[in-house]
Amino acid sequence: MAKVKFNPWEMALEQLDAVAGKMKLDPDIHAILRKPRRALIVSIPTKMDDGSVKVFEGYRVQHSSTRGPCKGGIRYHQDVTLDEVKALAMWMTWKCSVVNIPYGGGKGGVVCNPKEMSQGEIERMTRRFASEINVIIGPEKDIPAPDVNTNPQTMAWIMDTYSMNKGYCVPHVITGKPLEIGGSLGRNVATAQGCFYTIQAAVKKMRTTLKNKKVAVQGYGNAGFFAAKFLHDAGAKVVAVSDSKGGIYNAKGINPETAMEHKRKTTTVVGLKGTSKITNEELLECNCDILVPAALENVIQADNARRVKAKIIAEAANGPTTPEADAVFRAKKTICIPDILANAGGVTVSYFEWVQGLQGFFWTEKEVFHHLKGIMGRAFEDTWDTAKREKCDLRTAAYILAVSRVAEATKLRGIYP
Ligand code: NAD
């Protein structure tokens, strides 16, 4: 069946409105939270390798800075829209709040297809984008990070551009940097590690273990690959993985490292020896216990949600499940660990990176994971307890926790002037 037309911003508002009604949120606070604080649209003229100039469009949205500086990644994708970036910025506000780190939410995006661009073109576009959003970012204002199709190298160019404009080195303007210029140990695996901790906690609540649990992972980038690897290392059996070119399945299990090696060589997991080809849609519905959507938004809608067999869904991606699909999962009693909790490990270690940069004092990997486990464990327990108390699903519970913290902070600070 064709996918229902989808606007992530409308979905983000629908999620907020539903929880505002349930928690009887003050209507004035609700009205404030329904709007991003700031949204900047920029043009990015970029010299291409053939000598022509291409003008890309970019966005930086700051949804809230009530609990601290805005925080959120930068996405490069041909389908990026202002509404998508607004939604992602709002989700960042809730994510930082649910894990209780002192940040608000922001997000950025550039409408481009980096797969069709050279490294030089991507660098020039990135540096111009960084210059254009320079007016609203900064270590105490808004701290970007990687997202889909951006990586530590992209962050290094943004850090360098910002620092060049300031005249001195400002590593903590950005997180997800390479280690050599002030990155944090553990940041590259943090999203998946945090997601893994939440799956482990959910499995424990179901009084079972990860041993031989069948896992399917959609999206085989930073979040998806490491999630598959950690689950495999903990004794689960990864039966299906996919990327933008399609998916692969083997009921006997797929070695995540071998699949990544194949992807590195051929650009896709498809074609790995000993596996059969499946579509991304089939992956979501395959015979598995744990499903990890780790690609893009809107992949699970009411229609295919009915055919999802997994008992646990851990949203490594942002916004993979629509509110209609959520209703199906509630009825089926499927445990859906919501994005704002399941993938909060990334922003949590970004927070550690920022703290380390501000102090000029760097932690060991052991310290990073120790603190990450503590924060993720507490956030999961708080969410679980709220769900029990409010008799609701985990997404609603996570939203109640997150929105109430932001609402309280807004009330305490008051409305300026
Ligand atoms: P990435 O660019 O490293 O990987 C994305 C993967 O998704 C790639 O394997 C790509 O081939 C695949 N993909 C793209 N379109 C697809 C499609 N239509 N169907 C199936 N697969 C497709 O990105 P990432 O950083 O791993 O981010 C993935 C998701 O996780 C995004 O929703 C992102 O917002 C979220 N996330 C990432 C982080 C992080 O720290 N990287 C943190 C929080 C949330």
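Strands here are DSSP runs of E with at least two residues, numbered from the N terminus. With that in hand, welcome to a set of close-up views of a predicted model.

**View 1. Gln218, a buried residue of strand S6.** Gln218 belongs to strand S6, which covers residues 214-218. Residues under 20% relative accessible area are called buried, so Gln218, at 4% relative accessibility, falls in that class. Apart from residues up to four places away in sequence, Gln218 touches Ser242, Asn280, Leu283, Leu284, Val292, Pro293, Ala294, Ala295 and Val299. For a sense of scale, pick out Ser97 as well: Gln218 and Ser97 are 26 Å apart from C-alpha to C-alpha, and 121 residues apart in sequence.

**View 2. The ligand and its surroundings.** Around the ligand you will find 23 residues, of which the closest are Asp147, Thr191, Ala223, Ala295 and Asn318. Take Thr191 to start with: an N or O atom in its side chain lies 2.6 Å from an oxygen atom of the ligand. Backbone atoms take part too. A polar backbone atom of Tyr220 is 3.0 Å from a ligand oxygen, and a polar backbone atom of Ala316 is 3.3 Å from a ligand oxygen. Ala295, listed among the closest residues here, is also one of the residues that Gln218 touches.

**View 3. The largest nonpolar core.** This core holds 91 residues, and those with the most contacts inside it are Trp91, Trp94, Ile199, Val292 and Ile337. Helix H15 (residues 394-413) supplies the largest share, 10 residues. Both domain 1 (39-171) and domain 2 (190-342) give at least three residues each to this core. Zoom in on Trp91 and, leaving aside neighbours within four places in sequence, you will see it in contact with Pro8, Met11, Ala12, Gln15, Glu297, Asn318, Gly319, Ile340 and Tyr399. A second core, separate from this one, has 23 residues, including Cys112, Ile122, Ala130 and Ile133.

**View 4. Helix H5, from its cap to the glycine that follows.** Helix H5 runs through residues 152-166, and its 15 residues reach 21 Å from the first C-alpha to the last, close to the 21 Å expected at 1.5 Å a residue. At the N-terminal end, Asn151 acts as a cap, with a side-chain oxygen 3.1 Å from the backbone nitrogen of Gln153. The buried residues of H5 are Thr154, Met155, Ala156, Trp157, Ile158, Met159, Thr161, Tyr162 and Ser163. Their packing partners are strand S3 (70-77), helix H4 (119-133) and strand S5 (142-146). After H5 comes Gly167, with a positive phi near 95°.

**View 5. Helix H13, a mostly covered helix.** In H13, 13 of the 15 residues are buried. The helix spans residues 345-359, and at 1.5 Å a residue its length should be 21 Å; the end C-alpha atoms are indeed 21 Å apart, so the two values agree. Gly360 follows H13, and its phi is positive, near 60°.

**View 6. Where the two domains meet.** The domain assignment divides the protein chain into domain 1 (39-171) and domain 2 (190-342). Their C-alpha centres lie 27 Å apart. On the domain 1 side, 12 residues take part in the contact, and on the domain 2 side, 8 residues do.

Methods
Residues are numbered from 1 along each chain as its sequence is written. This is a predicted model: local features need pLDDT of at least 70, side-chain atom pairs count only at pLDDT 80 or more; totals for chains, interfaces and linings use all residues. Side-chain values use heavy atoms; hydrogens and water are left out. Helices (H or I, at least four residues) and strands (E, at least two) are DSSP runs, numbered from the N terminus. The expected span of a helix is 1.5 Å times one less than its number of residues. Buried means under 20% relative accessible area, exposed over 50%, partly exposed in between (1.4 Å probe, protein chains only). Contact means heavy atoms within 4.5 Å. A polar contact is a pair of N or O atoms within 3.5 Å; within protein, one must be able to donate a hydrogen and the other to accept it, and residues adjacent in sequence count only if both atoms are side-chain atoms. A nonpolar core is a set of buried Ala, Val, Leu, Ile, Met, Phe, Trp, Tyr and Cys residues joined through side-chain atoms within 4.5 Å. Domain bounds come from an automatic or database domain assignment. A residue is near a molecule or strand if one of its heavy atoms lies within 4 Å of it.
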